[in-house]
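Hello,

Here is the structure I promised to pass on. My notes follow below it.

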Amino acid sequence: MRILQVVHGFPPKQRAGTEIYTYYLSKELAKRHEVHIFYPAFDNVKRISLNSFERESLIIHEVKIPNNKVKRLWNLLFFENTYMNKNVEEIFRRLLKEINPDIIHFEHLIGLSATLINVAKKFNIPSVLTLHDYWFMCPNIQLLRYDYTICEGSEPNKCSACWIKKQSKTLSGALNRYYIPKALTEKPLQFILRAFNSPEKFKERENHMKSLLLKVNKIIVPSKFLREVFTGYGVPKDKVIYSENGYNLEVFKEFKKKDKGTDKIIFGFVGGIAKHKGVHVLIDAFMYVPEDKAELRIYGNYNSSSKYVKELLEKIKNKKNIKFVGRFEDSCVGIHEYWKES
């Protein structure tokens, strides 16, 4: 069988959860099938293009997108650019004609184009979609409002106001790197974003994304909560399959626990140090834990110059039992060598 995996990033250039999951799944499938990977990468190219090559029994199709920061910032002003890209759609159409896959597995379409599902449907190619987050219902991806409070669900008018506030913060933060004060840009950017992006555009997105969820043959969700959220959103229950993310446990067969060098209970956090992951909530809770009783070790890559990380580091500067360990190498056979070579 010829399988095409479509994802928003892939190792070694991107190493977050969905990307690593796609890598492991693709490697396992490649033992019995021909597996292709389609993903975007911002690069120093003049125009969008497709670079195809083979690696580790996988056939890679990397969409090279010009890394023009000014153009990327300009595109962020227009809401439809966050989920549709005609150029990527055309490249995907040509790829389908070339490789003629038996099935397409959409892992994530952010950074590509949600309309790739329409293309697959027109080619009469069966497709599966794994929902790793809430992007198909939430323009902010995580069902969190611009101030990181929990959102109960999609409403176009509220989504419009929320997205505009979050986008203006993102854009003003980007401009601040060029020494343009946020105080001078955030409010004007909100005004511009409201002018370009009416609430009707958010209603159009909601209708469009819902229609795409109905066009795939099956939807996989890795949690029961996600299943409840999306069936409540209108996805038929018989279309949704609950399947936890798998992991190759063979790598732990020879694992030996090291002496931790302390009698304290060690708690660990593993993941990107980002606000939506609630690292600050964990640290706030740990501020009340006696230092001689337990220790928190935070594993994951982080940007020490980001405002969020600076606030966390400042908060724990006098806490001996909260430690930022930093990035660690994946110990799994194969992928470590793959990243190292790249």
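Asn51 has Glu62, in strand 4, as its bridge partner. This is a predicted model, by the way. Strand 3 (residues 49–55) and strand 4 (residues 58–66) run antiparallel and are joined by seven bridges. Their hairpin has two residues between the strands. Look at Glu56 there: its phi is positive, near 50 degrees.

Next, the three-stranded sheet. It is open, with the order 9-10-11 and parallel pairing. Strand 9 (265–270) and strand 11 (322–326) are the edges, each pairing on one side only. On average, neighbouring strands here are turned by 25 degrees against each other, direction ignored. Four bridges link strand 10 (residues 294–299) to strand 11 in the parallel sense. Leu296 has Ile322, in strand 11, as its bridge partner. Helix 9 (residues 279–286) lies across strand 9, strand 10 and strand 11. Against strand 10, helix 9 runs at about 165 degrees.

Now the cores. The largest nonpolar core holds 52 residues. Which of them touch the most other members? They are Val6, Phe38, Phe92, Phe106, Phe136 and Phe230. Helix 3 (residues 86–99) supplies the largest share of this core, six residues. Phe92 is worth opening in the viewer. Setting aside neighbours within four places in sequence, Phe92 is in contact with Leu4, Val6, Phe38, Ile104, Phe106, Leu116 and Val119. There is also a second, separate core of 14 residues. Its members include Val279, Phe286, Val309 and Ile322.

Best wishes

Definitions and conventions:
Residues numbered from 1 in each chain as written. Predicted model: local features only at pLDDT ≥ 70, side-chain atom pairs only at ≥ 80, totals over all residues. Heavy atoms only, no water. Pairing = 2+ DSSP bridges. Core = buried A, V, L, I, M, F, W, Y, C linked by side-chain atoms within 4.5 Å. Buried < 20%, exposed > 50% of the residue type's maximum accessible area, 1.4 Å probe, protein only. Contact = heavy atoms within 4.5 Å. Axes fitted to C-alpha atoms, helices over the stretch in contact; angles between N-to-C directions.
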